Amino acid sequence: KVLKMNSPKINQTIMILAVIFLALVVSACSASAKTEKKRSTSKNVKKIELKGEKGKLVIEVSGLKLPKGFPEDMPIYEPSSVDSGVTSEGKEEPPMKMAILKTNSSLTKIMGFYQKNLPENGWNITSTQESSANVANITAAKGDQVGSISIGKDKETSGTVISINIVNK
């Protein structure tokens, strides 16, 4: 599906967030699949192309698996299920990979997992934030990649949602 947007007022970052939000809403309607130890990626990919004055933005939504090209060295919390995966590439935006995971584990346990496993996989933790008992964020860097891991309580399911975003500098 190709959408043409010619307005100079449309910011590509806003377009990315809008499409990602739409993808998450669509994926929330389906059941989650357990992550596999081999970190499989989806072959059933939905591709969205947005064209504007600043170039083309390609967004791929991979459904219930990690997105194609998701870094092998980024730890994936277990037990969790992949709710959705998204890949985007644009002329003016750096490539981005995102995975949304769901689990019933506590925020404290998940934070401990990432604080231990990110450095063990070569990621340098640059910041950690816990704004409440229900929300936390970890930022880490490795080579030309920056990863942001956001952890939050899901009020509807009483579970926990983990959003992992990887951007190339």
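## A walk outward from methionine 98

Methionine 98 is buried, with a relative accessible area of 5%, and a residue counts as buried when that value is under 20%. This residue is a useful place to begin reading the model, which is a predicted one. Methionine 98 sits in strand β6, and its C-alpha atom is separated by 9.5 Å from that of serine 148, although the two residues are 50 residues apart along the chain.

The strand around methionine 98 deserves a longer look. In β6, 7 of the 8 residues are buried, so this strand is largely enclosed by the rest of the structure. Strand β5, which covers residues 81–90, pairs with β6 in the antiparallel sense over 7 bridges, and within this part of the structure serine 84 stands opposite isoleucine 100 of β6. Strand β10 also pairs with β6 in the antiparallel sense, here over 8 bridges, and the bridge partner that methionine 96 finds in β10 is valine 167. As you follow these strands, it helps to remember that in a regular strand the side chains alternate between the two faces of the sheet.

From here we can step back to the whole chain. The protein chain has 2 helices and 10 strands, and when it is read along the sequence the elements follow the pattern β-α-β-β-β-β-β-α-β-β-β-β. Of its 169 residues, 43% count as buried. If we consider the contacts with a separation of 6 or more, 56% of them are accounted for by residues 24 or more positions apart.

Which residues have the most contacts inside the largest nonpolar core? They are Phe70, Met74, Tyr114, Leu118, Ile149, Ile162 and Ile164, in a core that has 23 residues. Several elements supply at least two residues each to this core, namely β6 (96–103), α2 (107–120), β8 (135–142), β9 (145–153) and β10 (160–168). The largest share, 6 residues, comes from helix α2. There is also a second, separate core of 7 residues, and among its members are Leu50, Ile59, Met96 and Met98. Methionine 98, our starting point, therefore appears again here as a buried residue, and it is included in that second core.

Helix α2 also leads us to the aromatic rings, of which the structure holds 2 pairs. A pair of aromatic rings is described by the distance of the centres and the angle of the planes. Tyrosine 77 and phenylalanine 113 form an edge-to-face pair, with 5.2 Å from centre to centre and 85 degrees between the planes. Tyrosine 77 belongs to the loop between β4 (55–61) and β5, whereas phenylalanine 113 belongs to helix α2, so this pair ties together parts that are 36 residues apart in sequence. Both tyrosine 77 and phenylalanine 113 are buried. Phenylalanine 113 forms another edge-to-face pair with tyrosine 114, at 4.9 Å centre to centre and with 90 degrees between the planes. Tyrosine 114 counts as buried because its relative accessibility is 0%. Through these ring pairs, Tyr77, Phe113 and Tyr114 are linked into a cluster.

The loop that holds tyrosine 77 has further details to examine. Serine 80 also lies in the loop between β4 and β5, and it is buried, with a relative accessible area of 2%. A polar atom of the serine 80 side chain lies 2.5 Å from the backbone oxygen of tyrosine 77. Proline 79 has its place in this loop between β4 and β5 as well, and the peptide bond that runs from glutamate 78 to proline 79 is cis, with omega near 0 degrees.

Another loop, the one between β9 and β10, contains serine 158. Is serine 158 buried or exposed? It is exposed, because its relative accessible area is 58%, and a value over 50% counts as exposed. The phi angle of serine 158 is near 65 degrees, which is a positive value in a residue other than glycine.

Finally, a careful reader should ask how confident the prediction is. The protein chain averages a pLDDT of 77, and 70% of the residues score at least 70. Over residues 1–19, however, pLDDT stays under 50, and the model has 33 contacts beyond four places in sequence for that stretch. For residues 21–38 pLDDT likewise stays under 50, with 26 such contacts beyond four places in sequence. Where pLDDT is low, the predicted coordinates should not be read in detail.

Notes: Residues are numbered from 1 along each chain as its sequence is written. This is a predicted model: local features need pLDDT of at least 70, side-chain atom pairs count only at pLDDT 80 or more; totals for chains, interfaces and linings use all residues. Side-chain values use heavy atoms; hydrogens and water are left out. pLDDT is the predictor's confidence in each residue, from 0 to 100. Contact means heavy atoms within 4.5 Å. A nonpolar core is a set of buried Ala, Val, Leu, Ile, Met, Phe, Trp, Tyr and Cys residues joined through side-chain atoms within 4.5 Å. Buried means under 20% relative accessible area, exposed over 50%, partly exposed in between (1.4 Å probe, protein chains only). Helices (H or I, at least four residues) and strands (E, at least two) are DSSP runs, numbered from the N terminus. Two strands pair if DSSP finds at least two bridges between them. Rings of Phe, Tyr and Trp (its six-membered ring) pair if their centres lie within 6.5 Å; planes under 30 degrees apart count as stacked, over 60 as edge-to-face and the rest as tilted. A polar contact is a pair of N or O atoms within 3.5 Å; within protein, one must be able to donate a hydrogen and the other to accept it, and residues adjacent in sequence count only if both atoms are side-chain atoms.
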